[in-house]
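Hi,

Here is the structure I said I'd send over. Have a look at it first, then read on for what turned up.

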Amino acid sequence: MRIVACLTAALLGAALTLPNPPKAAAADDPSWQTCIGAATAPGDRVTACTAVIDGKTQTGRRLAGAYCNRGHGLTEKRELDAALADLNEAIELDPAFACAYTNRGRVYAFKQDLDHAIADYDEAIRIDPAFAMAYNNRGDAWLNKGDLDRALADLSLAIKYNPQLSVAYGNRGFVYYRKHDAAHAIADFTAEIKLEPNVLAYINRGNVYRDAEQLDRAAADYGEAVRMAPTDARGWRNRGMIRLFQGDNKGGLADYDKALQYDPADVYSWNNRGQAKLRLGDKTGAAADFRKALELQPDLKTAKEALARLGGTR
């Protein structure tokens, strides 16, 4: 499984990179504090930054920061054209604002315009050669362009400049996984988990263990994902697959029941639950699951073959 939207999802924008503390008047302004707050929700950030911009109380870098942060909030809401307009304005106001280039690169990345994204990350790095998030995001762009070596180099620089940037370890781990370097992938996912435990990190490390045939460790990681996010189907269906590999058909069936409860559109969960039912002697239930899998993906070979062997049992 691929890591999706992991490298770019953690970028907070100008709030974390404004170089000088606000003036007293700005510090006393609740809208300003909400606009730049690292924990502000996207919708609240957009509202607060709009109040700052419309109030005409800020100029220069701080006004650019308000546009940059509103652009960040709009990006999180996936209002990409509006975000792009704000980030263009931030750069117009302050052409040396590295974070605005990084945020704009992120918008271009979401638009699948990777060349423009890389150009913006390049500029952010030119302005601030130690800007870890810019290296992180440029690594994501290189990964999506299929250049694993450049991705690896950028992610390593992100970690060099910010050893606490957990997302960079996770993303470098995924590059190592793509390069079939299990030992380094496991080490990076483990580092990510130590810094910031999250569901995706456990699933990704579980995938490496699975491919390395360390099934008990894979099951443990998927189980941790289930514990952290019991309504996320990914942990259930991945652990279910390991249980089937290990011959625990009842356990696998139970996990796929949960997976389908939370993601009924996953064709492989229907197929694999059918396999579990077949092993447990429930031919009718297995056939129903295989038919459902084929409704979702009519060319799924394993479901076709299994249903044919059952003779279309109802």
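Start with helix α13 (residues 215-228) and helix α14 (residues 233-245): their axes come within 8 Å and cross at roughly 155°. Angles over 145 degrees count as roughly antiparallel, and α13 and α14 therefore fall in that group. The handedness of their crossing is left-handed. Keep in mind that this is a predicted model, so everything here is computed from predicted atoms.

Which residues of α13 and α14 meet? From α13 there are Leu-215, Ala-218, Ala-219, Tyr-222, Gly-223, Ala-225 and Val-226. On the α14 side you'll find Gly-235, Trp-236, Asn-238, Arg-239, Ile-242 and Phe-245. Sorted by class, this contact has 9 nonpolar, 3 polar and 1 charged residues. Try picking out Leu-215, Ala-218, Ala-219 and Tyr-222 on α13, which are among the residues that meet α14. Their spacing is a nice thing to think about: an α-helix has 3.6 residues a turn, so residues three or four places apart point the same way.

Carry on past α14 and you come to Gly-247, in the loop between α14 and α15 (249-262). Is Gly-247 buried, exposed or partly exposed? Its relative accessibility is 48%, so Gly-247 counts as partly exposed. Gly-247 and Ala-276 are 29 residues apart in sequence, yet their C-alpha atoms are 9.4 Å apart in space.

Now go back along the chain to α3 (42-55). This helix has 14 residues, and from first C-alpha to last it reaches 20 Å, close to the 20 Å expected at 1.5 Å a residue. Its buried residues are Arg-45, Val-46, Ala-48, Cys-49, Val-52 and Ile-53. What covers them? The cover includes α2 (30-36) and α4.

Right after α3 comes Lys-56, with a positive phi near 55°. Lys-56 is not a glycine, which is why I'm pointing out that positive value. You'll find Lys-56 in the loop between α3 and α4. With a relative accessible area of 73%, Lys-56 is exposed; the cut-off for that is over 50%.

Next up is helix α4 (residues 60-76). How far apart should its ends be? It has 17 residues, so at 1.5 Å a residue α4 should span 24 Å, and its end C-alpha atoms are indeed 24 Å apart. Of those 17 residues, 14 are buried, so α4 is largely enclosed by the rest of the structure.

Just after α4 there's another positive phi, in Arg-78, at about 60°. Arg-78 isn't a glycine either. It is found in the loop between α4 and α5 (80-93). At 44% relative accessibility, Arg-78 counts as partly exposed, whereas Lys-56 is exposed.

One more arginine before you go: Arg-172, in helix α10 (residues 166-178). Is Arg-172 buried or exposed? Its relative accessibility is 15%, and under 20% counts as buried, so Arg-172 is buried. If you leave aside neighbours within four places in sequence, Arg-172 is in contact with Leu-152, Leu-155, Ser-156, Ile-159 and Asp-188.

Cheers

Conventions: Residues are numbered from 1 along each chain as its sequence is written. This is a predicted model: local features need pLDDT of at least 70, side-chain atom pairs count only at pLDDT 80 or more; totals for chains, interfaces and linings use all residues. Side-chain values use heavy atoms; hydrogens and water are left out. Helices (H or I, at least four residues) and strands (E, at least two) are DSSP runs, numbered from the N terminus. The expected span of a helix is 1.5 Å times one less than its number of residues. Buried means under 20% relative accessible area, exposed over 50%, partly exposed in between (1.4 Å probe, protein chains only). Axes are lines fitted to C-alpha atoms, for helices over the stretch in contact, and angles run from 0 to 180 degrees between N-to-C directions. Angles under 35 degrees count as roughly parallel, over 145 as roughly antiparallel, 65 to 115 as roughly perpendicular and the rest as oblique. A crossing is left-handed if the near helix is turned anticlockwise from the far one by less than a right angle, and right-handed if clockwise. Contact means heavy atoms within 4.5 Å. Ala, Val, Leu, Ile, Met, Phe, Trp, Tyr, Cys and Pro count as nonpolar, Asp, Glu, Lys and Arg as charged, and the others, Gly among them, as polar.
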